[in-house]
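Here is a short tour of how two chains sit together, followed by a look at one residue. Have the model open as you read.

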2 protein chains.
Amino acid sequence: MSSLPSRVDIHEEGPREGFQIEPVGFSIADRAALVEALADAGLHQIQVASFVNPKRVPQMADAAELFAAIRRREGVRYTGLWLNEQGFDRACATASVDLVGALYFYASDAFSRMNNGVSAEAHAQSQRQWLARYREAGLPVESAYVMTAFGCHVEGEVSEARLEQSLQFLAQLQQEEGVTVPHVYLADTVGMANPVSVARRVSLARRVLPGARIGLHLHDTRGIGMANALAALQQGVDLFDASIAGLGGCPFSGGSHGSSSGNICTEDLAFLCAELGIETGLNLDKLIQAARLAERIIGRRLDGRLMHSGLPTRQAAVNP
Amino acid sequence: MSSLPSRVDIHEEGPREGFQIEPVGFSIADRAALVEALADAGLHQIQVASFVNPKRVPQMADAAELFAAIRRREGVRYTGLWLNEQGFDRACATASVDLVGALYFYASDAFSRMNNGVSAEAHAQSQRQWLARYREAGLPVESAYVMTAFGCHVEGEVSEARLEQSLQFLAQLQQEEGVTVPHVYLADTVGMANPVSVARRVSLARRVLPGARIGLHLHDTRGIGMANALAALQQGVDLFDASIAGLGGCPFSGGSHGSSSGNICTEDLAFLCAELGIETGLNLDKLIQAARLAERIIGRRLDGRLMHSGLPTRQAAVNP
C-alpha cells in the first residue's frame, strides 16, 4: 500500500446526481439543508444542481432559486453543471454559482452519438468553442472529463488505445490553445471499470498528460466501486467525485440495464480513506448525519453502508 | 496485482444468514428453490440452515425438513451450522446434511463473553471437547474460524498480538491433539476490517500457521467489504465466504449500530474475480438469477449491485 496518497480531495456530486434522477421534485428547503449539511461536514466542492433544459429535467428547473437559498460557508465552492450554451448562460447569470470551467470528451464513440448526437471526434472538436467561451467569460479551465473512459453499455469495453486517443487530443488541444487543464478525470460513466483497468488507465493518463492531476469519477454499478477506489488510491490518485449516501442510483427498472447504483458513496469512501490513514478533511460523524438527512428527504433506504451501521468504536473514539 | 490467485473458492452463506435474520419465516419450497439455484450457478458449498434452539430462532426450526426438500446436485456440499452439542446431534441425525467439522475461536474477549457467556480463553479451551466429539463421530476437522479477528463493537479494535494469541492457541492445539486443520478463516464478524489490516493479518496467520489455507469471512458493514476482498486477493487469498445478494444484512434498526449490511455479496465478489481474470467456476448469469430469486422471496430490495445492473456488455459476451 506504499503509493497511497497522504491526502485525498473528494468532490460531492450527490445533490445534483441524486435529485435529478428522482421522478418527483423536492423542496428548495430540503435540498438547501442537505447542501449545508455537506458543507458542514467539510466538503469543499459541492455540485448543487444542473442548468439543463427545464422541460426535459423539471427537477432542476429551480436551480437558481436553490443556489440563492443556500447559506454559504466560507471556503466551499457551490458548483453547477451545464451541457450547452444556454445552460452556461443561466449558470453565469446566477450570482451564487461558483463557476468551474470544464471540458468533456468521450472515449466511446457509440456513447457520444447516443448522448450528444455526434461522434466522439466531433464532440471533442466542439470543446474548442468551449475554450473560447470560457476565455471570453474570463473563466479558467479547471477540469477535463474523459467520459466512458473504461467502456460503455453500447459498445462494451473501450480499448486503451481509444482512451489514449482522447487523452492525446486533449494534450494537443492544450498545446494549440496555450492552456493547461490541471485536473483530468477518468469517468467510469456506466460502471465498466475494474481494479486492473483503473491501475492501467491511470498510468496511461499520467504518461500522456504528465502535468495533470488525475481524478476518478467512479460508479458502483456492479458492486466493485470501492475495490476500484482502492486500486486508484494504491496508484496515488488523490482526487475523487462521490455522492453522499450513494445518491444517483436509479432504483427503478428501466433502460437496458434495469435499475442501478450511483456514484461511489462519499461517506464510505471517506471512511476507507480514514481507515488507510489518508487525510480527507471530512468529519465522518457529520457525513453520516448528512447521508441520513438525504435518506429522510428521498424517503427510501439509500445505498450507503456506513450511514446505516455507524462508525466502529475505534473510529468513533478518534473522530470528535 | 501480481499475487492474485488463479482460482478462488467461494462458499455460500446466504440461505442461513439471510433467512435467519428475517422476522418472519419463509416456505420450505422457496428456500429449497434458492439453494437449488445456487448449486446450479456452480457454488459447491452452501450453508443451508443452522441447527440452533428453535425457541430462540424459530425461522430455523424446520432445518431438517428443508434439507430433505432440496434436490441435491452431485459435487455440492449442503452444510449446516451448529453452536452446541444439541445442534450437532440434530445435524448428525439429518441424513442429507454434509457435516463439516469446524472449530471457533474468539479474538475479542468482550465479544466472547457477550456471545458465549465465557471468556475467549475458556471458549478456546472448550474446542478440545469439540475435537473429541468430532473424532468420536468420525468427522475430520476441516475449518477453524477466528471470530472478531479484526475487532468488535464492544471492545473496538483487536490488536494483532491478541489475534496472534488465538492463532498460536490453535497451532498448539493441533500439535497436542495430532490434528491439522486445513482451512483457517479470519472472520470480520462485525465489519471492522480494512485493506491494511486484512493484508497484515493474513500475513500474520500464514506466519503462525504456515500449513493452513487462509480464508476470509468478510462483512460489508461499512461499505468497504469489496475493497477488503481486493486487498485479500492481492495477498493471494483464495477462499471466501459470501452471501448471495448480500443476504444477511439487517435493514431494521436495532442494536447499538442500527441496521447493517451482511456478508460481502457472492455475485459481486464473483464478478470482481472474473474482472481480475480469476477463475471461480461460477456462472455469473445464473448467480444473478439466484440473487433475483432471493430478492423475490425476501420481498424487498437487497444490497447486491450486479443483480440490479446486470453484467456489462463485455462480460455478457464471454459468459454464455
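Copies are superposed by least squares on the C-alpha atoms of residues with pLDDT of at least 70 in both. On that basis, a turn of 180° and a shift of 0.0 Å along the axis lay chain B on chain A with an RMSD of 0.0 Å. That is the relation of a two-fold axis. In chain B, A227(B) has the C-alpha nearest the axis, 2.0 Å from it.

This is a predicted model: local features need pLDDT of at least 70, side-chain atom pairs count only at pLDDT 80 or more, and totals for chains, interfaces and linings use all residues. Residues are numbered from 1 along each chain as its sequence is written, while chains are lettered from A and ligands numbered from 1 in the order in which they are written.

Now for the interface. Counting two residues as in contact if their C-beta atoms, placed from the backbone, lie within 7 Å, 43 residues of chain B are in contact with 42 residues of chain A. With 5 residues, α9(B) gives the most to the side of chain B that touches chain A. The residues of that side divide as follows:

| Class | Members of the class | Residues of chain B |
|---|---|---|
| Nonpolar | Ala, Val, Leu, Ile, Met, Phe, Trp, Tyr, Cys, Pro | 18 residues |
| Polar | the others, Gly among them | 17 residues |
| Charged | Asp, Glu, Lys, Arg | 8 residues |

Finally, one residue of chain A. L282(A) and D9(A) are 273 residues apart in sequence, with their C-alpha atoms 9.4 Å apart in space. Leaving aside residues up to four places away in sequence, L282(A) touches I10(A), A41(A), G42(A), L43(A), A270(A) and L287(A).

Terms used: Helices (H or I, at least four residues) and strands (E, at least two) are DSSP runs, numbered from the N terminus.
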